[in-house]
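Q: Please take a close look at the interior of this protein, beginning with any enclosed space. Then set that description in the context of the whole chain.

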Amino acid sequence: MIKLFDKTTEIIHGSANNNENSYNYYHKSNREDINIIRQTLETWFFKYPNSEQEELKNRFKKDFDSAFFELFLYELFSKQGYKIEIHPNLKNSTKRPDFLIVKGNQQIFVEAKVCYDKTEEEMAFERRQNQFYDQLNKVRIKGFLLRIEKLDFISKNQPRVKELIKHIESEVEKLDYNLIAAKAEKFGFDACPRIKFNNKDFNIVIQPMPMSESKKEKISSTPIGMFPFEILTGGGDESLRQSILKKAKRYGKFDKPYLICINSLSTKSSGKFDIENVIWGSLKYSFSTNPNNRNLKMIRDNDGVFYNSGKPQLKNVSAILVTKVFPSNIPNAKYWAYQNPFATTNLNFEYLDLAVSYIKENQIISEEGNNFDEIFEINKDWLNL
């Protein structure tokens, strides 16, 4: 019998590194909350079809987010009484969707996708940056943490930090802890000295920040105390829109309802507001040119995924389910489901215990459904028990 997480004598203490492989961390972490998550995923994996377990486990190791989401959906639909076929064949295509779920006389094709708000180039840059931070965390200094005030990459090479580490250790060794601690208490960060370093690959400005009096003789195992501030511009709506359109066009027409499930891991998205702008159309103000009666109100523009440029769109898509679920928030994760009013094949949500929004008489109607803690029978405080 295959297990998702094999027994191991290797142990990871504390938090994960910036560039830590997610599967590796969940496998080897000794944190109690991670152990609870690990046991939950192992229980779900045990119920996954034996013939598909090895392939799913390999994907967990390579692409944890997408593999987790597929296992999550398998458990979600199983909990609601669906029988599930993995990677079913299609009549008119050699491509195969993720699931065919069956309950009573209802059959639904399901496709899963994880949505980020970064391009491949941006994600590659982030991996390079995280590896840089992980290497820099090997610096050994006493009594101080490092605030990275500025970091600019000049080349696309993976920067080497050996010389930088030596430079930091040398400069911090010269500092008077008591003097800097007194100035920092009175004037804040600006009173801390700045260490500058540059070479052909990067420029960096670092401030050593004094630790508490009781720790001034200690060396921190994770000396980076503050990272540069990241300013997020715009929302996560465009990446969500592109993810939906990509999956909508992948298979052509269906003879059964088609449900697209998107796990939006966007850090920019505000949640329901951005999602409904994508689904139903962007909110905008409408008003009359009559100066005596402006009739100011909010309306939806015709730029949603179901109705765009005056025409119904994505008729092959019956509904869309958007989640924001991580292994750590399973019972508390939010979700939003939407029926396509123009779908050629209707998906009846009476078979699903999920909240759903749909159009009726030109009005958006939202019906309540069960939360994930109820469906999965997991206490909302599961990691604190």
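A: Seven residues line the largest cavity of this predicted model: Asp65, Phe68, Asn263, Leu265, Val325, Phe326 and Pro327. Sorted by class, this lining comprises five nonpolar residues, one polar residue and one charged residue. The volume of the largest cavity is about 40 Å³. A search of the whole structure, with a threshold of 30 Å³ or more, returns one cavity.

The setting is a protein of 385 residues, of which 44% count as buried. Its secondary structure consists of 10 helices and 16 strands. Along the principal axes, the C-alpha atoms occupy a box of roughly 75 × 75 × 40 Å. Among contacts between residues at least 6 apart in sequence, 65% join residues at least 24 apart. The protein exposes about 21,600 Å², and 46% of that area comes from carbon and sulfur atoms.

Helix α9 provides an example of a covered element. This helix spans residues 272-280, and seven of its nine residues are buried. The buried residues are Asp274, Ile275, Glu276, Asn277, Val278, Ile279 and Trp280. Immediately after α9 comes Gly281, with a positive phi of about 120 degrees.

Charged side chains form a further part of the picture. In general, side chains of opposite charge can pair when their charged atoms come close. The protein has 20 salt bridges in the count made here. One of them joins Lys47 to Glu75, with the closest N and O atoms 2.7 Å apart. Because Lys47 belongs to helix α2 (residues 32-47) and Glu75 to helix α4 (residues 64-79), this pair ties together parts that are 28 residues apart in sequence. The two partners are covered to unlike degrees: Lys47 is partly exposed, with 42% relative accessibility, whereas Glu75 is buried, with 3%.

Two other salt bridges join residues that are neighbours in number. Arg241 pairs with Glu238, the closest N and O atoms being 3.9 Å apart. Both residues lie in helix α8 (residues 237-248), and because they are three residues apart there, about one helical turn separates them. An α-helix has 3.6 residues a turn, so residues three or four places apart point the same way. Arg241 has a relative accessibility of 15% and therefore counts as buried, the limit being under 20%. Glu238, at 42%, counts as partly exposed. The second of these salt bridges links Lys216 with Glu213, and here the closest N and O atoms are 3.2 Å apart. Lys216 is partly exposed, at 24% relative accessibility. Salt bridges also link Glu55, Arg59 and Glu70 into a network.

The loops complete the description. Phe342 is located in the loop between β14 (334-339) and β15 (356-360). With a relative accessible area of 30%, Phe342 is partly exposed. Leaving aside residues up to four places away in sequence, Phe342 touches Phe306, Tyr307, Pro312 and Lys315. The C-alpha atoms of Phe342 and Ser318 are 8.2 Å apart in space, while the two residues are 24 apart in sequence.

The loop between β11 (307-308) and β12 (311-312) holds Ser309. Ser309 has a phi near 55 degrees, which is a positive value in a residue other than glycine. This serine is exposed, with a relative accessible area of 58%. Glu377 likewise is not a glycine, and its phi is also positive, at about 55 degrees. Glu377 is placed in the segment after α10 (372-376), and it is exposed, with a relative accessible area of 64%.

To return to the starting point, the enclosed space has a volume of about 40 Å³, and its lining includes Phe68, Leu265 and Phe326.

Notes
Residues are numbered from 1 along each chain as its sequence is written. This is a predicted model: local features need pLDDT of at least 70, side-chain atom pairs count only at pLDDT 80 or more; totals for chains, interfaces and linings use all residues. Side-chain values use heavy atoms; hydrogens and water are left out. Buried means under 20% relative accessible area, exposed over 50%, partly exposed in between (1.4 Å probe, protein chains only). Helices (H or I, at least four residues) and strands (E, at least two) are DSSP runs, numbered from the N terminus. On a 1 Å grid over the protein atoms alone, a cavity is a set of points where a 1.4 Å probe fits but cannot get out, and a pocket is an open set with protein on both sides within 12 Å along at least five of seven lines; lining residues have an atom within 4 Å of a point. Grid points are joined across faces, edges and corners, and a volume is the space filled by probe spheres set on the points. Ala, Val, Leu, Ile, Met, Phe, Trp, Tyr, Cys and Pro count as nonpolar, Asp, Glu, Lys and Arg as charged, and the others, Gly among them, as polar. Contact means heavy atoms within 4.5 Å. Accessible areas come from the Shrake-Rupley method with a 1.4 Å probe; for residues, only the protein chains shown count as cover. A salt bridge is a side-chain nitrogen of Lys or Arg within 4 Å of a carboxyl oxygen of Asp or Glu.
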